[in-house]
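These notebook entries record what I looked up in one protein structure. I kept them in the order in which I worked.

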Amino acid sequence: MTDQKASFLPPSPQSEQSRFSEAEKMGFLLLLVALSTTFGTAVPVGYTIGVVNAPAEYMRNWCNATFIERYGATLTENGLDILWASIVSVFLIGGCAGSLGGAWIADNLGRKKSLLVCGVLFVIAALFFIFCRMANSVEMLIIGRLIVGFASGLTTATLPMYLLELAPLSLRGTLGVFCSIGVTGGVVVGQVFSLQEIFGTDELWHWALSFYVVLVVVCFVMAPWWPESPKYLYLTANKKDEAKTVLLRLRGNDPNFVQYELEEMNQELVEKSDTRSVKSVISDPALLLPIVLVCALQGGQQLSGVNAVFYYSVSIFESAGFSSTNAKWANLGAGCLNLATAFFTPLLMKHINRRPISLISCAGSALFLFILTFVVNYINYTSWMAYACIACVLLYIFVYQLGLGPIPYFIGSELCSISERAAIMALGSLGSWSGNFIVGISFPILQSLWGAWVFLPFVATCILLIVLIYFYLPETRGKDVPEIALLISNGFKSNPRKS
């Protein structure tokens with residue numbers, strides 16, 4: 001394949017249909033890579049999020065005892081709260097840092113090596129969690145949380161981009177939601193392993209924090225078979241022969257379809273600028289709308305209230321008459337519903353357009369959060385209100401996971417060309433972790449001040465997302481990136497709805 005721009009006639013409808021038919025087949029290698037990278041990186045992200053809630057009291061007591069033993073000082077209740085807030089929030093700070101670093105790492109080391117860096121960091125963090133108990137070191141616990149946060153931010157910035165660049169056009173949505181499914185599943189797995197019946201005890205909580213490392217090690221055994229992204233090789237690293245070799249492996253040695261993809265990449269190469277830094281992307285007016293869309297969707301995903309609903313769901317189940325233990329099991333059941341819905345999203349993304357499913361998801365989330373606000377506020381007025389609360393929680397989780405849960409993770413890779421993709425995906429991941437940080441810090445305070453009305457800001461976020469999606473999000477399913485980028489290149493003067 002030469003560097004010269006390839007010229008070719010537009011394919012006939014019959015040949016185009018044949019090509020898409022080939023693209024819809026997910027080969028063994030592509031499936032292996034998608035599953036092993038998801039289980040090896042995305043699941044640990046969710047695991048780390050879900051594992052800390054159940055053993056929190058044991059960890060706080062250990063922190064206090066450690067301070068007495070090492071420094072001869074007892075922490076006050078306020079001091080212990082500050083220390084615990086630091087342990088929780090340093091994970092989110094690491095996530096923000098990993099998101100920003102993701103652009104540089106992905107463009108300079110490559111997509112595959114970025115994921116290898118994630119794996120190494122996950123293992124190092126697990127070692128800190130294991131040995132912090134033996135060393136009686138709160139500092140090691142904090143450092144471990146910072147490292148695993150950085151690895152998580154790097155994962156959410158890199159994994160969706162890597163999988164979409166491996167996927168043929170018709171499977172982009174299917175592969176794009178794997179990261180979301182992995183994070184969702186990881187939260188459930190973390191909740192399971194932190195139960196008192198497993199590792200959620202005073203003696204074993206450090207094993208609960210680190211047990212994800214087994215999954216990382218098992219999945220990264222398959223790393224030698226992971227290919228580098230062909231788009232990265234062709235368009236960024238200028239290794240065209242290697243890109244062709246990778247495509248032949250991924251597409252089952254179909255030279256016709258591979259040639260078609262190479263011609264598309266060659267056309268994109270002619271129009272491509274050099275790899276963009278985060279700073280240059282932010283200062284480019286033509287990229288204003290893509291940046292706003294990606295950051296708003298990823299940040300709005302966190303600010304739509306999903307973490308707050310899970311935080312509040314235990315008390316809702318208790319109000320319905322569940323015991324404290326049964327309420328925790330019911331909360332785990334809600335997480336399983338979240339995961340079960342997520343398993344259907346690859347099929348949805350393959351057959352349903354992004355715009356309508358996103359609008360339905362945001363509207364449904366706003367509706368059920370609004371109802372939940374009033375039902376929780378009057379939960380003690382009549383017995384059936386508690387069951388209405390449970391219904392609102394479950395329905396909210398269902399509609400959230402239809403679109404607002406998975407789409408923000410990969411939409412940046414569908415909106416942006418290769419030169420600015422890593423930078424914009426990093427900014428979107430930063431928006432997600434920042435939103436998570438804001439909710440984590442502000443929700444307990446606002447809940448104590450506002451009570452059930454604390455859900456109204458989340459309703460407002462969903463409504464704002466509806467407006468943004470309706471007026472400015474172009475339909476991306478089945479379209480090439482250059483075609484999509486043109487629709488939103490005029491900033492807020494763009495009118496992608498006409499597409």
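I began with polar contacts between domain 1 and domain 2, and I found nine residue pairs, both residues of each pair being at pLDDT 80 or more. A polar contact is a pair of N or O atoms within 3.5 Å; within protein, one must be able to donate a hydrogen and the other to accept it, and residues adjacent in sequence count only if both atoms are side-chain atoms. I noted that the model is predicted, that local features need pLDDT of at least 70 and side-chain atom pairs pLDDT 80 or more, and that totals for chains, interfaces and linings use all residues. Residues are numbered from 1 along each chain as its sequence is written, and side-chain values use heavy atoms, with hydrogens and water left out.

**Entry: the side of domain 1 that touches domain 2**

I listed the helices (DSSP runs of H or I, at least four residues, numbered from the N terminus). Helix H4 (77-109), helix H6 (138-166), helix H7 (172-176) and helix H8 (178-193) each supply at least two residues of this side. H4 gives the most, with 11 residues. I then sorted this side by class and obtained 20 nonpolar, 14 polar and five charged residues. For this sorting, Ala, Val, Leu, Ile, Met, Phe, Trp, Tyr, Cys and Pro count as nonpolar, Asp, Glu, Lys and Arg as charged, and the others, Gly among them, as polar.

**Entry: the two domains**

I looked up the bounds: domain 1 covers 27-226 and domain 2 covers 279-498. These bounds come from an automatic or database domain assignment. The contact (heavy atoms within 4.5 Å) takes 39 residues from domain 1 and 40 residues from domain 2. Taken over C-alpha atoms, the centres of the two domains are 22 Å apart.

I also looked up the buried area, which is the accessible area (1.4 Å probe) that two parts lose on being put together, summed over both. Domain 1 and domain 2 bury about 3300 Å² between them, and 72% of it is on carbon and sulfur atoms. Leu92, Arg172 and Ile181 supply 16% of the area that domain 1 buries against domain 2, more than any other three residues.

**Entry: salt bridges**

I searched next for salt bridges (a side-chain nitrogen of Lys or Arg within 4 Å of a carboxyl oxygen of Asp or Glu). Side chains of opposite charge can pair when their charged atoms come close. The whole structure has nine salt bridges, and the count between domain 1 and domain 2 is two.

Arg172 forms a salt bridge with Glu414, with 3.5 Å between the closest N and O atoms. This pair links distant parts of the chain, 242 residues apart: Arg172 is in helix H7 and Glu414 is in helix H20 (residues 407-415). I checked accessibility with these cut-offs: buried means under 20% relative accessible area, exposed over 50%, and partly exposed in between (1.4 Å probe, protein chains only). Arg172 is buried because its relative accessible area is 8%, and Glu414 is buried because its value is 0%.

Glu414 also forms a salt bridge with Arg354, the closest N and O atoms being 2.8 Å apart. Arg354 lies in helix H18 and Glu414 in helix H20, so this pair ties together parts that are 60 residues apart in sequence. Arg354 and Glu414 are both buried. I further noted one network, in which salt bridges that share partners join Asp107, Arg111, Glu165 and Arg421.

I recorded another salt bridge between the side chains of Glu261 and Arg251, at 2.5 Å from N to O. Glu261 is in helix H13 (residues 255-271), and Arg251 is in the loop between helix H12 (240-250) and H13. Both Glu261 and Arg251 are buried.

**Entry: three single residues**

Is Ser361 buried or exposed? Ser361 is buried, because its relative accessible area is 0%. I located Ser361 in helix H18 (residues 354-377). Not counting residues up to four places away in sequence, Ser361 touches Val399, Tyr400, Leu402, Gly403 and Leu404.

Arg133 belongs to helix H5 (residues 111-135) and is partly exposed, at 22% relative accessible area. Leaving aside neighbours within four places in sequence, I found Arg133 in contact with Trp62, Asp202, Glu203, Trp205 and His206. The side chain of Arg133 reaches the backbone oxygen of Asp202 at 2.9 Å.

Ile352 sits in the loop between helix H17 (324-351) and H18. Its relative accessibility is 32%, so I entered Ile352 as partly exposed. Beyond four places in sequence, Ile352 touches Ile357 and Arg477.
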